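Colleague: Could you take a close look at one part of this predicted model for me, namely the largest pocket and what surrounds it? I would like to hear what lines the pocket, and then how the element that gives the most to the lining packs against its partner.

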Amino acid sequence: MRFDDHRVVITAAGRDFGRTLALRFADLGAEVFLSARTLAAAERVRDEIRDRGHQQVHAYACDLTDPASIRDFASGVAQHTDHVDILINNGARYLHGPDLQSASDAAVVDTIASGATGTVLTVKNFLPLLLNSDKPDVVTMVSACGTAGHHRSDAHDAFYAAKSAQAGFTEILSKRLRPQGVRVISLYPPDFDNPDPLSEEWESTPREAKDALTAQSLVDCILFAVTQPRDCFIKAFHFEQV
């Protein structure tokens with residue numbers, strides 16, 4: 001499986017699962033456009049990828065709570081390419097705490113803005129580039145917290161609200177963009193193990209039925225979905241929680 005002819009945009013790729021996605025897609029040959037809230041964080045991952053011999057990687061600052069920052073990110077990508085094949089909405093602030101009163105008003109606003117508004121505006125601003133592709137896919141890392149009735153996470157209520165907004169947005173987006181050939185794919189994972197893809201743990205992390213979901217499996221799901229024939233619209237991946 002190779003992605004040499006793919007141009008992939010990944011938000012919040014400066015650490016954790018976003019970094020994992022950037023490294024994996026680059027290793028598979030994709031040209032990667034990655035963002036993080038700070039340019040320094042994005043450049044660190046860009047440099048890691050270049051050190052592995054892959055030069056087609058670009059780093060940008062993008063604050064998903066700031067509409068102007070999102071527009072600047074899309075404009076910056078458009079200066080390098082006339083199309084994007086895969087947009088991965090990975091960015092969303094996590095907020096811990098099952099007590100509604102435990103978070104400040106500013107933290108609540110930031111959490112909902114990054115996950116909900118940020119996702120909507122990212123798709124809106126990258127849609128022209130996606131429509132120029134002959135294989136456009138929008139992939140969104142939602143969360144089990146975006147599933148109706150889910151209550152097993154200790155995430156804050158604002159995080160649940162943001163993820164529920166993402167779920168509603170991608171649901172309607174899938175129907176409305178299908179006539180234009182854009183597939184909208186959402187993943188609803190519970191908490192999962194995310195070993196460093198450059199460490200020995202990447203290959204040794206247990207992946208049996210009794211084990212927690214792994215980043216490796218999530219990446220495999222994304223790769224599977226975006227490599228299917230264009231008549232195959234896999235709308236969502238839902239996962240059993242251990």
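Modeller: By class, the lining of the largest pocket divides into 21 nonpolar, 12 polar and 10 charged residues. These belong to a lining of 43 residues, and those that lie nearest the centre of the pocket are Asp 16, Asn 90, Ala 92, Arg 93 and Tyr 94. Helix 1 (16–27), strand 2 (31–36), helix 4 (105–131) and helix 5 (157–177) are the elements that give two or more residues to this lining, and among them helix 1 gives the most, with three residues. The volume of the pocket, computed from the predicted model, is about 1,100 Å³.

Helix 1 also packs against helix 7 (residues 215–226), with an angle of about 55 degrees between them and their axes 11 Å apart. Because an angle that is neither under 35 degrees, nor over 145, nor from 65 to 115 counts as oblique, helix 1 and helix 7 are oblique to each other, and their crossing is right-handed. On the side of helix 1, the residues in contact are Phe 17, Thr 20, Leu 21, Arg 24 and Phe 25, which meet Ala 215, Leu 218, Val 219, Ile 222 and Leu 223 in helix 7. Taken by class, this contact of helix 1 with helix 7 has eight nonpolar residues, one polar and one charged.

How values were computed. Residues are numbered from 1 along each chain as its sequence is written. This is a predicted model: local features need pLDDT of at least 70, side-chain atom pairs count only at pLDDT 80 or more; totals for chains, interfaces and linings use all residues. Side-chain values use heavy atoms; hydrogens and water are left out. On a 1 Å grid over the protein atoms alone, a cavity is a set of points where a 1.4 Å probe fits but cannot get out, and a pocket is an open set with protein on both sides within 12 Å along at least five of seven lines; lining residues have an atom within 4 Å of a point. Grid points are joined across faces, edges and corners, and a volume is the space filled by probe spheres set on the points. Helices (H or I, at least four residues) and strands (E, at least two) are DSSP runs, numbered from the N terminus. Ala, Val, Leu, Ile, Met, Phe, Trp, Tyr, Cys and Pro count as nonpolar, Asp, Glu, Lys and Arg as charged, and the others, Gly among them, as polar. Axes are lines fitted to C-alpha atoms, for helices over the stretch in contact, and angles run from 0 to 180 degrees between N-to-C directions. A crossing is left-handed if the near helix is turned anticlockwise from the far one by less than a right angle, and right-handed if clockwise. Contact means heavy atoms within 4.5 Å.
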